[in-house]
Amino acid sequence: MAEPRWLDQREAQAWRAYIAAQRVVSSRIEQQLQRDAGIPHTYYEILVRLSEAPGNRLRMSELAVATQGSRSRLSHAVNRLEENGWVKREGIESDRRGQVAILTELGKQKLVDTAPGHVEEVRKSIFDALTAEQVEQLYDVCATLARHSGDTVDRAAWERN
């Protein structure tokens with residue numbers, strides 16, 4: 001077995017700072033969504049992904065990839081969103097096993113009602129603490145990590161803004 005590539009002191013400090021920041025930010029966002037909307041961040045992300053998709057609909061398999069969740073976990077979440085009337089599922093005629101998740105009007109309204117508080121918490125938890133230069137650096141670091149892990153990042157969209 002190969003010798004582990006241990007972190008040097010600066011890498012270890014950067015890793016610990018990343019973990020601390022990630023825990024605090026995730027916790028604050030989760031608490032805000034639970035408190036104000038009664039939903040976990042995962043459900044909010046599903047609603048957002050559907051709202052941004054053409055026709056407010058995505059194949060369940062595409063939604064699983066977009067949210068980086070397992071199909072069974074996504075299915076459970078979509079079941080709960082269906083129970084609330086925020087999402088509905090339909091079969092795909094050309095693919096008997098495939099299903100599409102569709103954002104309902106009620107789901108759109110849930111996003112409209114939830115988004116202001118969520119965005120404010122994101123701003124307070126992250127962006128209020130950063131300079132414009134640090135926001136650029138944050139994007140660069142996160143996009144690099146996402147690409148390294150095989151995710152896609154739309155640099156053109158970033159540069160248009």
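**Figure 1. Strand β3 gives the largest share of the lining of the second largest pocket, with 4 residues.** This close-up comes from a predicted model, so please read each view with that in mind. The lining of this second largest pocket is made up of 11 residues, and the space inside comes to about 240 Å³. Which residues lie nearest the centre of the pocket? They are Met 60, Ser 61, Arg 71, Arg 97 and Gln 99. Three elements each give two or more residues to the lining: α3 (60-67), α4 and β3 (95-103). If you like to think in terms of chemistry, the lining of the second largest pocket divides by class into 5 charged, 4 polar and 2 nonpolar residues.

**Figure 2. Helices α2 and α4 cross at roughly 80 degrees.** Here we turn to a pair of helices, α2 with residues 41-52 and α4 with residues 71-83, whose axes come within 10 Å. Because angles of 65 to 115 degrees count as roughly perpendicular, α2 is described as roughly perpendicular to α4. On the α2 side, the contact is made by Tyr 43, Ile 46 and Leu 47. On the α4 side, Leu 74, His 76, Ala 77, Arg 80 and Leu 81 take part. How do the residues of this contact divide by class? There are 6 nonpolar residues, joined by 1 polar and 1 charged.

**Figure 3. Thr 67 of helix α3 is in contact with residues from elsewhere in the sequence.** Is Thr 67 buried or exposed? Its relative accessibility is 16%, and buried means under 20%, so Thr 67 counts as buried. Setting aside neighbours within four places in sequence, Thr 67 is in contact with Glu 45, Ile 46, Arg 49 and Leu 74. Two of these may look familiar from the previous view: Ile 46 of α2 and Leu 74 of α4 also take part in the contact between those helices.

**Figure 4. The whole protein chain holds 7 helices and 3 strands.** To place the close-ups in context, this view steps back to the full chain. Starting at the N terminus, the order of elements is α-α-β-α-α-β-β-α-α-α. The C-alpha trace spans about 55 × 45 × 30 Å along its principal axes. The chain has 161 residues, and 28% of them count as buried. Among contacts between residues at least 6 apart in sequence, 44% join residues at least 24 apart.

Methods. Residues are numbered from 1 along each chain as its sequence is written. This is a predicted model: local features need pLDDT of at least 70, side-chain atom pairs count only at pLDDT 80 or more; totals for chains, interfaces and linings use all residues. Side-chain values use heavy atoms; hydrogens and water are left out. Axes are lines fitted to C-alpha atoms, for helices over the stretch in contact, and angles run from 0 to 180 degrees between N-to-C directions. Angles under 35 degrees count as roughly parallel, over 145 as roughly antiparallel, 65 to 115 as roughly perpendicular and the rest as oblique. Contact means heavy atoms within 4.5 Å. Ala, Val, Leu, Ile, Met, Phe, Trp, Tyr, Cys and Pro count as nonpolar, Asp, Glu, Lys and Arg as charged, and the others, Gly among them, as polar. On a 1 Å grid over the protein atoms alone, a cavity is a set of points where a 1.4 Å probe fits but cannot get out, and a pocket is an open set with protein on both sides within 12 Å along at least five of seven lines; lining residues have an atom within 4 Å of a point. Grid points are joined across faces, edges and corners, and a volume is the space filled by probe spheres set on the points. Buried means under 20% relative accessible area, exposed over 50%, partly exposed in between (1.4 Å probe, protein chains only).
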